[in-house]
Amino acid sequence: MTQNWFDQILVWREKHIKEKHFLLILSLMIGILTAFAAILLKNTIHLIQHFLIKPIETYDANWLYLIYPIIGILISGLFVRYIVKDDIGHGVTKILYAISQRKSRIKPHNTWSSLAASSITIGFGGSVGAEAPIVLTGSAIGSNLGRMFKMEQKNLMLLIGCGAAGAIAGIFKAPIAGLLFTIEVLMLDLTATAVLPLLISSVSAACISYIFTGTDAMFKFSQVEIFEMTRIPYVLILGVICGLFALYFTRATIWFEGIFRKLGSFWKRFFFGAAVLSILIFLLPPLYGEGYDTIGNLLGNQYSSLLDGSIFSNVANNWGGMLLFALLIILLKVFATSATNGGGGCGGIFAPSLFLGCVIGFAFSFVFNHLFPTHLPQENFALMGMAGMMAAVMHSPLTAVFLIAELTGGFDLFLPLMLVTISAYFTIMLFEKHSLYSIRLAKKGELLTHHKDKAVLTLLNVDSVIEKDFVTVGPEMNLGDMVKAIARSTRNVFPVVDENDIFHGVVLLDNIRNIMFRPELYDRFKVKKFMVSPPAKIYNDMTMEQIMQLFDDTKAWNLPVIDRNRKYLGFVSKSKIFNSYRGVLLENFSDDA
């Protein structure tokens with residue numbers, strides 16, 4: 001009965017509301033729902049933290065802070081293992097995979113499972129962020145709401161982007177950053193039809209957050225002095241340092257994740273992750289939780305609080321000890337984050353990258369101010385470090401600039417923010433062309449980029465463009481039989497294949513045109529005498545990008561396809577690729593939604 005009622009609504013909608021107009025309505029709904037999900041996640045995390053921390057006496061705090069994260073990743077891991085029964089880690093990577101496969105389908109449980117698991121993990125002090133889980137939650141809301149209303153495939157992908165944009169805008173109160181995040185990180189095309197739904201979701205989510213949580217920026221920041229042009233070289237150097245540390249963070253994360261995968265069983269991963277996390281938090285208390293308290297203190301120039309509760313607290317007035325402590329945090333944060341997720345917790349790298357950037361920016365200015373008479377404002381450079389690190393880790397310079405400005409209200413620092421993000425981004429691109437979110441898919445060849453040509457080629461494969469209507473000839477065949485084969489064919493290229501289907505070469509019609517009409521030569525010449533090697537051979541395990549590169553290098557129009565044992569499989573023609581390209585382009589990237 002309920003289904004019939006809903007079907008009637010769908011029929012009425014199709015008759016009275018155009019698809020492109022209904023898309024805008026859904027984008028508004030997604031923005032509102034995602035904002036409430038973000039508010040719920042933040043409040044749940046704060047409620048758990050308040051409940052755990054309030055009863056603690058000061059002398060007990062360190063030991064309980066040591067235990068809480070372990071309890072959190074255990075509860076979260078058991079919840080995922082026995083209730084969700086699915087992998088919900090690497091939220092943004094899952095969204096990229098859904099987009100790359102053109103399925104735009106995210107499982108319904110992702111609308112709540114990531115929210116529940118991450119609130120437990122982070123509420124108990126896991127060293128991760130809430131942003132990736134809420135982005136997955138928002139994208140799942142968009143995907144499932146679109147599927148419920150029977151939206152077309154290409155619009156489903158846009159609704160996933162609307163959910164992600166709304167999630168970032170809702171949790172950070174940053175509508176511009178939400179829009180840019182979807183374009184840069186999720187790599188959706190910036191088209192006329194895509195911008196408006198994304199913008200509606202971002203703005204509506206931000207408005208809901210403003211209404212329920214106030215209009216204040218997430219971090220209180222006041223610029224103590226105007227930015228001076230003479231400090232531009234320091235800003236650029238900071239960007240390079242952020243790029244190099246981002247490379248370290250990316251490579252170390254992938255390496256440490258590999259160790260957890262090798263451990264196999266859940267309990268082995270939990271005990272190993274718990275041990276690493278416990279030791280690191282005991283030695284470096286700022287690694288506890290998201291690290292937003294530390295960010296707030298550094299932006300307020302209260303850097304001495306960085307050492308509170310640690311075994312290094314007695315060196316608070318020693319700049320060398322302070323620097324060593326900050327360096328340990330920078331180097332070991334990646335292992336605390338990976339141990340949290342690898343041990344069973346659920347969280348993202350968004351907050352860790354902001355945390356690291358803030359500490360890097362502070363440490364950079366702290367060193368220069370003590371070694372040279374530079375007088376760099378440490379609050380400003382901590383802010384710039386956040387933008388630089390985020391731009392490099394996520395390969396998203398525009399998102400970093402606007403997010404940091406919206407997060408802190410530091411719009412007066414737009415120029416240095418842009419400089420540090422550009423410097424950091426170009427530094428990381430010299431060594432790693434994929435972000436930490438996309439590197440896992442890139443290694444499998446499953447990544448869809450926002451470069452349209454590469455995106456379409458990603459959707460094609462050799463099997464979809466191979467042609468098998470070429471008439472084959474044998475190397476021992478004489479010219480007379482060759483002429484008969486030419487009469488049966490509509491092609492001017494003939495693959496030479498022996499009885500074992502091994503490829504030997506090709507016969508080009510133009511090469512034998514001067515002898516093919518001389519019957520007295522039919523028994524004198526054999527195919528192996530006038531066959532030639534093709535300009536290149538395509539192997540069936542090549543990607544379409546590699547194939548197109550072969551065509552560009554050789555200027556050929558047709559190339560043979562063989563396997564690694566040299567068995568002939570067919571031909572690929574440039575015209576076939578272009579036809580397939582146009583078909584995929586019209587199906588998946590047209591703007592007439």
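Select strands β4 (residues 558-562) and β5 in this predicted model, and you will find them running antiparallel, joined by five bridges. To follow one of these pairings, pick N558, whose bridge partner in β5 is S573. Next, show the turn of the hairpin that β4 and β5 form, where five residues lie between the strands and R566 has a positive phi of about 70 degrees. If you then colour β5 (residues 568-573) by accessibility, the strand appears mostly covered, with five of its six residues buried.

Move next to helix α17 (residues 414-431), whose 18 residues reach 27 Å from the first C-alpha to the last, close to the 26 Å expected at 1.5 Å a residue. Display the side chains of its buried residues, which are F414, P416, L417, L419, V420, T421, S423, A424, T427 and I428. Then bring up what covers these buried residues, including α10 (232-263), α15 (378-394) and α16 (397-408).

For the last stop, turn to the surface and select L28, I32, F36, I211 and F212, which form a nonpolar patch with about 480 Å² of accessible area together. The elements that give two or more residues to this patch are α2 (19-53) and α9 (192-213), and α2 supplies the largest share, three residues. Finish on F212, which is found in helix α9: is this residue buried or exposed? F212 counts as exposed because its relative accessibility is 51%, and the cut-off for that class is over 50%.

Notes: Residues are numbered from 1 along each chain as its sequence is written. This is a predicted model: local features need pLDDT of at least 70, side-chain atom pairs count only at pLDDT 80 or more; totals for chains, interfaces and linings use all residues. Side-chain values use heavy atoms; hydrogens and water are left out. Helices (H or I, at least four residues) and strands (E, at least two) are DSSP runs, numbered from the N terminus. The expected span of a helix is 1.5 Å times one less than its number of residues. Buried means under 20% relative accessible area, exposed over 50%, partly exposed in between (1.4 Å probe, protein chains only). Contact means heavy atoms within 4.5 Å. Patches are made of residues with over 30% relative accessible area and no salt bridge: like charges are joined within 9 Å, nonpolar side chains (Val, Leu, Ile, Met, Phe, Trp, Tyr) within 5 Å. Accessible areas come from the Shrake-Rupley method with a 1.4 Å probe; for residues, only the protein chains shown count as cover. A salt bridge is a side-chain nitrogen of Lys or Arg within 4 Å of a carboxyl oxygen of Asp or Glu. Two strands pair if DSSP finds at least two bridges between them.
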